Amino acid sequence: MKIGIIGAGNIGGTLTRRLTELGHDVAVANSRGPETVKDLAEETGAAPTTAADAVHGAELVVVTIPEGRVPELDLAIFDRRAEGAPIVDTGNYYPERDGRIADIENGMAESRWVEQQIGHPVVKAFNTIYYQHLLKRGRAGGNGHRIALPIAGDDADAKRKVMELVDELGFDAVDAGGLDESWRQQPGTPCYTADLDAAALRQALAEAEPVRVGRGERGRRRADSVTSDVAVTEAREGAPCAQ
Ligand SMILES: NC(=O)c1ccc[n+]([C@@H]2O[C@H](COP(=O)([O-])OP(=O)(O)OC[C@H]3O[C@@H](n4cnc5c(N)ncnc54)[C@H](OP(=O)(O)O)[C@@H]3O)[C@@H](O)[C@H]2O)c1
């Protein structure tokens, strides 16, 4: 499949590595230009490119950049993806990194906000897993315990395509409902970076509380004290994970 990835950092780099290994035709972009993605491209065989060229003709697009930088993207580029190509949003909102985003602070699901910024429907996926685990902990189907990933979105066809890709990467894909339900997989919820199996993930999604809605004591985000996904996992695992 032709896949365009916007963002070449922890998650974008990891997806580039895993998806090229699986034989997909990957084009990857960052904000500084193709020259600065050269090493990743040489390592993986992916095409180093611009965001516009990564999306052009892609059958699946991944947006994996800090939430606060999503408004920088040129919306017109998404019109040039292949018809019906899902746009995957891997993002998490960390106000210390992204700046305060009023709509999210007031309770809008983070991916709904991303969708509004880019003007196209998105599927929320890969936001709950630490990038090193995405790199190393995928398991072929039927091969013992598999980590499950929640996939949320309003377009059933787009969601199905993303779920198939998650399975190909070695993770069980759990349908987490529509985008307005996707707060159940945001930072601070029980499933976030917890590497649960499918049954436990379904339970965690059902038991999630809207930790980000409101800024009072009860609503205060448990993740407020940390500044990124990497910090959440490293804090829990007790030691920095290798980059
Ligand atoms: N790290 C994790 O384990 C993890 C897990 C799940 C979800 N997430 C979420 O996934 C998203 C990406 O995380 P990350 O850790 O991969 O971030 P990261 O390592 O900081 O990488 C961010 C990437 O986005 C690129 N970028 C920023 N603005 C851009 C723009 N306007 N156009 C094109 N590319 C742009 C950066 O390129 P330049 O360097 O050239 O600016 C960089 O390659 C975040 O929302 C994060 O919260 C992260």
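**Exercise 1. In which loop does Phe 126 lie?** Find the loop, then work out the burial and backbone angle of Phe 126 in this predicted model.

*Solution.*
Step 1. Follow the chain out of β6: Phe 126 sits in the loop that links β6 to α7 (131-136).
Step 2. Count the neighbours. Phe 126 has 25 C-beta neighbours inside 10 Å, and the cut-off for buried is 20 or more, so Phe 126 counts as buried.
Step 3. Look at the backbone. Most residues other than glycine have a negative phi. Phe 126, however, has a positive phi, near 70°, and is not a glycine.

**Exercise 2. Repeat the analysis for Asp 195: where is it found, and is it buried or partly exposed?**

*Solution.*
Step 1. Asp 195 belongs to the loop between β8 (172-175) and α9 (198-207).
Step 2. Asp 195 has 19 C-beta neighbours inside 10 Å; buried needs 20 or more, so Asp 195 is classed as partly exposed.
Step 3. Its phi is positive as well, about 55°, although Asp 195 is not a glycine.

**Exercise 3. Lay out the open sheet. What is the order of its 6 strands, and which strands stand at the edges?**

*Solution.*
Step 1. Read across the sheet: the order is β3-β2-β1-β4-β5-β6, and the pairing is parallel.
Step 2. Go to the ends of that order. β3 (47-48) and β6 (123-124) each have a single partner strand, so one side of each has no neighbour in the sheet.
Step 3. Move inward to β1 (residues 2-6) and β4 (residues 60-63), a parallel pair with 4 bridges. Here Gly 4 stands opposite Val 61, and Ile 6 stands opposite Val 63.
Step 4. Now cross to the other neighbour of β4. Strand β5 (residues 87-89) runs parallel to β4 and is joined to it by 3 bridges, with Val 61 opposite Ile 87.
Step 5. Finally, check the faces of β4. Leu 60 and Val 62 are buried on one side, Val 61 and Val 63 are buried on the other, and both faces are thus covered.

**Exercise 4. Describe helix α1. Which strands of the sheet does α1 touch, and which of its residues are buried?**

*Solution.*
Step 1. Start from β1 and β4, paired in the parallel sense. Helix α1 (residues 10-21) packs on the sheet and touches both of these strands as well as β2 (25-29); the directions of α1 and β2 make an angle of about 165°.
Step 2. Check the length: α1 has 12 residues and spans 17 Å from first to last C-alpha, close to the expected 16 Å.
Step 3. List the buried residues. They are Ile 11, Gly 12, Gly 13, Thr 14, Leu 15, Thr 16, Arg 18 and Leu 19.
Step 4. Find their partners: these buried residues pack against β1, β2, α2 (38-44), β4 and α7.
Step 5. See what follows the helix. After α1 comes Gly 23, with a positive phi near 95°.

**Exercise 5. Zoom out to the chain. How many residues does the largest nonpolar core have, and which helix gives the most to it?**

*Solution.*
Step 1. Take stock: the chain has 10 helices and 8 strands, and 45% of its 243 residues are buried.
Step 2. The largest nonpolar core has 67 residues, and Val 28, Val 88, Leu 149 and Ile 151 have the most contacts inside it. Helix α8 (residues 156-168) gives the most to this core, 5 residues.
Step 3. Look around Leu 149. Beyond its neighbours within four places in sequence, its contacts include Phe 126, Ile 129, Val 166 and Phe 171. That brings us back to Phe 126, the buried loop residue of the opening exercise.

Methods. Residues numbered from 1 in each chain as written. Predicted model: local features only at pLDDT ≥ 70, side-chain atom pairs only at ≥ 80, totals over all residues. Pairing = 2+ DSSP bridges. Helix = DSSP H or I, 4+ residues; strand = E, 2+ residues; numbered from the N terminus. Contact = placed C-beta atoms within 7 Å. Axes fitted to C-alpha atoms, helices over the stretch in contact; angles between N-to-C directions. Buried ≥ 20, exposed ≤ 12 C-beta atoms within 10 Å, placed from the backbone. Expected span 1.5 Å × (residues − 1). Core = buried A, V, L, I, M, F, W, Y, C linked by C-beta atoms within 7 Å.
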